[in-house]
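Here's a quick tour of one protein model, with an eye on its aromatic rings and a few local oddities. Have a look at the structure before reading on.

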Amino acid sequence: MEFHPIFPTIIGCAEIPEHELIRKKYAPRIIDQFKTCPNEKAPWANQCNSWQVKADDQINELFTKYFEKHIHEWFEEFRFPRVKYSVFMWVNVHTWYMYQDTHCHQGDHSILCGNYNLQLNPGDRPLQFTQNPEYRNLLDQETIEAHHISLSNKSSEFINIKQGDLILFSPTQKHFVPCATEKHDGYRITLSFNVEHTSVHPSGDA
């Protein structure tokens, strides 16, 4: 018998070689901002224990300098037409006990999402992705524990996200951020962004 894992979940991962320079330049300033205004929270995260602020001009420049070429790699791999887009970027900071509930980024004409892991401490857990759990839930109800990666809801079994990694995923892909596995005094810092479609040029002109 052949088994066909159809309709795969696509996650892109790229290591940013200049990561340490980026972290040293931006992490201290972001941490100072967090300490100055510790209660900042985006409207969509009102049920989470999380901190977000809109990226300023300097942080937005990171997209063009380091991230945008990987966006184009995604477009080329999946044969997108030539599209015009804008980017909305924000900053996330978590202490060891902070988290984000399961959510997606669908809306506002988003066609691709990104998450850059600027700083991860020992014990911090990166972005986790989920799949439609109906079959897994059915097996759980029948107390049947299936040991196969195709039936797993743990994205960490598929992809090892590290500090310095840029992760790309679809706006419809559900994901969450768990709290750290142990108490620590550091700060988990990520930069998130949505690539928002503005127009398509059938002629192929940019």
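What follows covers confidence, ring pairs, a surface patch and two backbone angles.

First things first: this is a predicted model. Mean pLDDT for the protein is 91, and 96% of the residues get to 70 or more. The weak spot is residues 202–206, where pLDDT stays under 50. For that stretch the model has five contacts beyond four places in sequence. Where pLDDT is low, the predicted coordinates shouldn't be read in detail.

**Aromatic rings**

A pair of aromatic rings is described by how far apart the centres are and by the angle of the planes. The count here comes to 11 aromatic pairs. One of them joins Trp74 and Phe78, a tilted pair with 5.0 Å from centre to centre and 55° between the planes. Trp74 is buried, because its relative accessibility of 11% is under 20%. Phe78 has a relative accessible area of 36%, so this residue counts as partly exposed.

Then there's Phe129 with Phe169: the ring centres are 5.2 Å apart and the planes sit at 65°, so this pair is edge-to-face. Phe129 belongs to strand 6 (residues 128–129) and Phe169 to strand 7 (residues 165–169), so the pair links distant parts of the chain, 40 residues apart. Both partners are tucked away: Phe129 is buried at 5% relative accessible area, and Phe169 is buried at 1%.

Ring pairs also tie Phe63, Phe67, Tyr116 and Phe193 into a cluster.

**A nonpolar patch**

Phe78 turns up again on the surface. Together with Ile10 and Phe80, Phe78 makes a nonpolar patch of about 230 Å². Ile10 sits in the segment before strand 1 (12–15) and is partly exposed, with 35% relative accessibility.

**Two unusual phi angles**

Most residues other than glycine have a negative phi. Which residues have a positive phi near 50° here? Phe7 and Thr143 do, and neither is a glycine. Here they are together:

| Residue | Phi | Location | Relative accessibility |
|---|---|---|---|
| Phe7 | near 50° | segment before strand 1 | 74%, exposed |
| Thr143 | near 50° | loop between helix 3 (134–141) and strand 7 | 71%, exposed |

Phe7, like Ile10, is in the segment before strand 1. Thr143 is in the loop that runs between helix 3 and strand 7, and strand 7 is also where Phe169 of the edge-to-face pair is found.

Terms used:
Residues are numbered from 1 along each chain as its sequence is written. This is a predicted model: local features need pLDDT of at least 70, side-chain atom pairs count only at pLDDT 80 or more; totals for chains, interfaces and linings use all residues. Side-chain values use heavy atoms; hydrogens and water are left out. Rings of Phe, Tyr and Trp (its six-membered ring) pair if their centres lie within 6.5 Å; planes under 30 degrees apart count as stacked, over 60 as edge-to-face and the rest as tilted. Buried means under 20% relative accessible area, exposed over 50%, partly exposed in between (1.4 Å probe, protein chains only). Helices (H or I, at least four residues) and strands (E, at least two) are DSSP runs, numbered from the N terminus. pLDDT is the predictor's confidence in each residue, from 0 to 100. Contact means heavy atoms within 4.5 Å. Patches are made of residues with over 30% relative accessible area and no salt bridge: like charges are joined within 9 Å, nonpolar side chains (Val, Leu, Ile, Met, Phe, Trp, Tyr) within 5 Å. Accessible areas come from the Shrake-Rupley method with a 1.4 Å probe; for residues, only the protein chains shown count as cover. A salt bridge is a side-chain nitrogen of Lys or Arg within 4 Å of a carboxyl oxygen of Asp or Glu.
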